[in-house]
Amino acid sequence: MNVLDVAQNSVAAGATLIRITLEADEEQGLLTLTIADNGKGMTPETLAHVTDPFYTTRKTRKVGLGLPFLKMSAEMTGGTLAIESEVGKGTVVTASFGLHHIDRAPLGDVASTVAGLIQCSPDIDFVFTVRAGGEEFCADTREMREVLDGVSFAEPAVAQWLREFIGENTQPILQRSNII
Amino acid sequence: MKSLQELAAIRDRMKQTVNTREAAHDTTRIVVGMATCGIAAGARPVLNAFTEEIARRELSGVLVTQTGCIGLCQYEPIVEVTMPGQDKVTYVKMTPDKVARVVSEHIIGGKPVAEYTIGAR
C-alpha cells in the first residue's frame, strides 16, 4: 500500500513526529491505517481538495495521486478515508479497509516501507505501531535515537538493523491474525 | 530477535569509523528516486539492496537516501550516485541484482558501471 507516498506529505509539511498505526479489528472486520503528523496542517480550503487527483500543492506538475489512490483503495474494500487537519497543529489521515475484502490490496513489506521512510528522513521521529489479535508492537525512533547517540538512521548498518527489527517483530503478529 | 542492545553495538562500531573521516564533503551519496513513479517501478527493493550491500561490506562514509520524481519516469527506478570529486552518475532502470556491481565497481572501485547509466540508453 502507498504508506510511503502519503507519509511523504507529512515529511514535506515539516513534521517532527509522525505516528503510523496499523490496526486490525476482527470484530468489525476492519484494517485501519492512521498517519498522524505534527506538521503545518492544511486550511479547510486545501483540505476540501486533497483527494482530487488534479490538485497538488507542488509546482512541478498538475497531478497529486497519493491521497486519491489511498481513498480509492480504501473505498473499493468498503472502507473510508478521513482526513482531519488544522493549520499549525498537523494532519491525521485515517484509511480503513475491509479486512477480508477480496479487493483489499496486500499489505506488502511493511517493515521495508517504514524502515525506508525512517532511513530517508533520519531527522524526523516516527512511532510505528501494529495492533492485531490483542497483540501490539511499537517501534519508537525517539527511544532508538537515545541509544544511537548521534549516529544517523541514514547509516546503512542502522537502517538494515531497523528493517530487521521491525520485520521480526511485526511479521508474527500479522501472520497470527491472518493479515499477511 | 533483533534488540536495542544490538543497536548499541552498531552505534559503537559506527562511532569508531565516523571519527576517522571528515563530515559532509567526503561522503558518497546514493540517491534513489522514490516518488509514485519510482515506487511503482520497484525502487524500494533497490533501496533495500543498496542498504544491505553497503552494510554487509561495512563501508563507511556512504549514505543511501531518497529523492522525489526526477522527471524521467520511464527510466525508473533511477539511482544517482555522487562521489566526492566526481560528477554525478545517473543509473536508470535499476534492479536489486545490478546493485552489487555498482557497489563494487563504482562505490568501491571509483569507476561507474557505464552500461547501466542513462548515457547507455
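1. Let's start with V32 of chain B. In this predicted model, V32(B) has Q66(B) as its bridge partner, and Q66(B) sits in β2(B). That pair belongs to a bigger pattern: β1(B) and β2(B) are joined by six bridges, and the two strands run parallel. If pairing is new to you, strands of a sheet pair through backbone hydrogen bonds, either parallel or antiparallel.

2. Now look at the other partner of β1(B). Strand β1, residues 28-33 of chain B, is also joined to β3, residues 79-82 of chain B, by four bridges. This time the two strands run antiparallel. One place to see it is V31(B), whose bridge partner in β3(B) is E80(B).

3. Put those strands together and you get the whole sheet. It is an open sheet of four strands in chain B, in the order β2-β1-β3-β4, and its pairing is mixed. Which strands are at the edges? They are β2 (62-67) and β4 (89-91) of chain B, each pairing on one side only. On average, neighbouring strands of this sheet are turned by 20° against each other, with direction ignored.

4. Is β1(B) enclosed or open to the outside? Five of its six residues are buried, so β1(B) is largely enclosed by the rest of the structure. A residue counts as buried here when 20 or more other C-beta atoms lie within 10 Å of its own.

5. Next, see how the two chains meet. On the chain B side 25 residues are in contact with 23 residues of chain A. In chain B, α1 (4-19), α2 (36-41), α3 (43-56) and β2 each supply at least two residues of the side that touches chain A. The largest share of that side comes from α1(B), with eight residues. Sorted by class, the side of chain B that touches chain A has 14 nonpolar, five polar and six charged residues.

6. Over in chain A, have a look at two helices. The axes of α4 (residues 110-120) and α6 (residues 156-176) of chain A come within 8 Å and cross at roughly 145°. The crossing of α4(A) and α6(A) is right-handed. Residues making the contact include V114(A), A115(A) and I118(A) from α4(A), and L162(A), R163(A) and I166(A) from α6(A). By class, this contact of α4(A) with α6(A) has eight nonpolar, four polar and one charged residues.

7. L162(A) deserves a second look. Not counting residues up to four places away in sequence, L162(A) touches A115(A), I118(A) and F153(A). The largest nonpolar core has 77 residues, and those touching the most other members are V114(A), L162(A), V46(B) and V79(B). Which helix gives the most to this core? That is α6(A), with nine residues.

8. Last, try finding I180(A), which lies in the segment after α6 of chain A. I180(A) has 13 C-beta neighbours inside 10 Å, so it counts as partly exposed. Leaving aside neighbours within four places in sequence, I180(A) is in contact with L107(A), L174(A) and Q175(A). I180(A) and L107(A) are 73 residues apart along the chain, yet their C-alpha atoms are separated by 6.7 Å.

Methods
Residues are numbered from 1 along each chain as its sequence is written. Chains are lettered from A and ligands numbered from 1 in the order in which they are written. This is a predicted model: local features need pLDDT of at least 70, side-chain atom pairs count only at pLDDT 80 or more; totals for chains, interfaces and linings use all residues. Two strands pair if DSSP finds at least two bridges between them. Axes are lines fitted to C-alpha atoms, for helices over the stretch in contact, and angles run from 0 to 180 degrees between N-to-C directions. A residue is buried if 20 or more other C-beta atoms lie within 10 Å of its own, exposed if 12 or fewer, and partly exposed in between; C-beta atoms are placed from the backbone. Two residues are in contact if their C-beta atoms, placed from the backbone, lie within 7 Å. Ala, Val, Leu, Ile, Met, Phe, Trp, Tyr, Cys and Pro count as nonpolar, Asp, Glu, Lys and Arg as charged, and the others, Gly among them, as polar. A crossing is left-handed if the near helix is turned anticlockwise from the far one by less than a right angle, and right-handed if clockwise. A nonpolar core is a set of buried Ala, Val, Leu, Ile, Met, Phe, Trp, Tyr and Cys residues joined through C-beta atoms within 7 Å.
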